[in-house]
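Biologist: I am new to this structure and would like a close look at one part of it. Please choose one chain and show me how its side chains meet, then how the chain sits against its partner.

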Amino acid sequence: MLMVVMMGIGILQLVSYSYRIQNLWLTSNSSINLYCGIILLISGPVVFFLLPIIYIDEKISLLEFFSLRNINDIDGGIAGFQQSIYFCLSLLISLLLCKLSSFITKKFSN
Amino acid sequence: MEIINIDQNITLLINGFSGHVLFFDILFVIITNDYLIPVLSALSLFYLWFSGINSIERYISQKFVITGISSIIFSNIIVLLSNVFWLRSRPYETLDSINLLFYRSTDPSFPSNPVVVCSAIFFVITFRNKIIGILGLLMSLFLGFSKIYLGVSYSLDVIGGFLFGILSGLFSFLFISFFSRFIERILRSVKIFGLN
């Protein structure tokens with residue numbers, strides 16, 4: 001979910017920069033928003049794949065480490081329908097965060 | 001039978017490259033992840049939802065998003081129907097010399113599910129945003145290739161999945177044209193909630 005929220009905010013910043021949608025801006029500076037968007041879009045998957053580093057204490061190969069995120073549905077992975085619910089929820093959170101940030105930015109700049 | 005033999009030989013050829021270069025093994029393990037490319041394809045629809053220089057342009061984009069969402073439903077129906085006719089075993093279950101670098105899936109091999117869904121979404125997007133659409137279609141094929149490389153799918157599963165995806169996209173365009181008034185109502189109600 002964290003990956004989708006991060007990438008969702010990133011996408012919203014990119015689209016709001018491209019089409020000048022001011023009520024989705026994270027900050028009042030459009031260039032900063034664009035850079036934030038690109039960074040969030042890239043860092044989402046990076047965080048997702050590197051996060052297991054926190055709880056891994058045994059020595060494993062690099063290939064095994066990157067395979068940790070590949071889990072079958074029946075072994076604890078997320079099934080398709082569940083995935084779509086989490087995905088929609090994450091996008092809603094990212095949209096609300098952007099709207100809130102834009103609202104606060106507008107309030108303080110006035 | 002001849003096609004199946006050719007398919008198995010292509011699969012063995014591509015899978016034969018795995019396990020030699022660690023960089024490629026890791027790259028394909030990441031690409032084949034169940035969440036990465038499917039999430040990217042759905043995020044492309046999210047991007048499309050807000051794209052447009054004015055409300056009319058955005059309304060057209062949103063119609064394409066609804067078409068994209070319906071293409072996901074159609075692709076799942078097509079996969080289900082296909083599984084009724086052909087329950088194909090995975091390459092690692094039938095071919096001895098397969099080098100498996102992924103988990104053992106329990107669903108049928110044909111067609112490759114993520115390839116069907118991703119190609120369906122990007123096929124629809126191509127009609128609104130050519131760059132994202134074509135890049136996405138290439139990414140779907142790359143996902144399919146990585147699945148063959150890791151020993152999870154046959155080449156025919158990927159080609160079939162890609163064609164099924166395009167078929168799902170076409171069905172969804174047809175479906176949306178029949179229910180355009182209903183779609184307009186949905187988009188109007190979305191406006192009330194400020195989701196545009």
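**A close look at chain B**

Modeller: Let's start with B:Arg90, which counts as buried because its relative accessibility is 5%, and the cut-off for buried is under 20%. Please keep in mind that this is a predicted model. What does the side chain of B:Arg90 meet in a salt bridge? Its partner is B:Asp107, with 2.9 Å from N to O. B:Arg90 sits in the loop between helix 4 and helix 5 of chain B, while B:Asp107 sits in the loop between helix 5 and helix 6, so the pair ties together parts that are 17 residues apart in sequence. The two ends differ in how much they are covered: B:Arg90 is buried, whereas B:Asp107, at 31% relative accessible area, is partly exposed.

The loop that holds B:Arg90 also holds B:Arg88, so let's go there next. The side chain of B:Arg88 meets that of B:Asp157 in a salt bridge, at 3.0 Å from N to O. This pair links distant parts of the chain, with B:Arg88 in the loop between helix 4 and helix 5 and B:Asp157 in helix 8, 69 residues apart. Are these two residues buried or exposed? B:Arg88 is buried, with a relative accessible area of 8%, and B:Asp157 is buried too, with 0%. A further residue joins in here: B:Asp7 is linked with B:Arg88 and B:Asp157 in a network of salt bridges.

Over all chains, the structure holds 4 salt bridges. One of them joins B:Arg128 to B:Glu57, and here the closest N and O atoms are 3.0 Å apart. B:Arg128 belongs to the loop between helix 6 and helix 7 (130-149), and B:Glu57 to helix 4 (residues 55-85), so the pair ties together parts that are 71 residues apart in sequence. Both of these ends are partly exposed: B:Arg128 has 27% relative accessibility, and B:Glu57 has 30%.

Now for the rings. How many aromatic pairs does the structure hold over all chains? There are 18. In the pair of B:Phe110 and B:Phe164, the ring centres are 5.8 Å apart and the planes stand at 70°, so the pair is edge-to-face. B:Phe110 is in the loop between helix 5 (91-94) and helix 6 (113-126), and B:Phe164 is in helix 8 (residues 155-178), so this pair ties together parts 54 residues apart in sequence. Helix 8 is also where we met B:Asp157. B:Phe110 is buried at 11% relative accessible area, whereas B:Phe164 is partly exposed at 21%.

Another aromatic pair, B:Phe175 with B:Phe179, is tilted, with 4.8 Å from centre to centre and 45° between the planes. Both rings belong to partly exposed residues: B:Phe175 has a relative accessible area of 32%, and B:Phe179 has 40%. Elsewhere, B:Phe23, B:Phe24, B:Phe28, B:Phe142, B:Phe145 and B:Tyr149 come together as one aromatic cluster.

A stop in helix 3 leads us towards the partner chain. B:Ser44 has its place in that helix and is buried, at 12% relative accessible area. Leaving aside its neighbours within four places in sequence, B:Ser44 is in contact with B:Phe122, B:Ile125 and B:Ile132.

Finally, let's see how chain B meets chain A: 28 residues of chain B are in contact with 33 residues of chain A. The area buried between the two is about 2,700 Å², with 76% of it given by carbon and sulfur atoms. Which three residues supply more of chain B's share than any other three? They are B:Tyr35, B:Phe46 and B:Tyr47, which supply 25% of the area that chain B buries against chain A.

As for polar links across this interface, the rule finds 0 salt bridges, but it does find 4 residue pairs in polar contact. Helix 2 (22-31) and helix 3 (36-50) of chain B each supply at least two residues of the side that touches chain A, and helix 3 gives the most, with 8 residues. Sorted by class, that side of chain B has 18 nonpolar, 6 polar and 4 charged residues.

Definitions and conventions
Residues numbered from 1 in each chain as written. Chains lettered and ligands numbered in written order. Predicted model: local features only at pLDDT ≥ 70, side-chain atom pairs only at ≥ 80, totals over all residues. Heavy atoms only, no water. Contact = heavy atoms within 4.5 Å. Buried area = accessible area lost by both parts, 1.4 Å probe. Polar contact = N/O pair within 3.5 Å; in protein donor to acceptor, adjacent residues only side chain to side chain. Helix = DSSP H or I, 4+ residues; strand = E, 2+ residues; numbered from the N terminus. Nonpolar A, V, L, I, M, F, W, Y, C, P; charged D, E, K, R; others polar. Buried < 20%, exposed > 50% of the residue type's maximum accessible area, 1.4 Å probe, protein only. Phe/Tyr/Trp six-rings, centres within 6.5 Å; stacked < 30°, edge-to-face > 60°.
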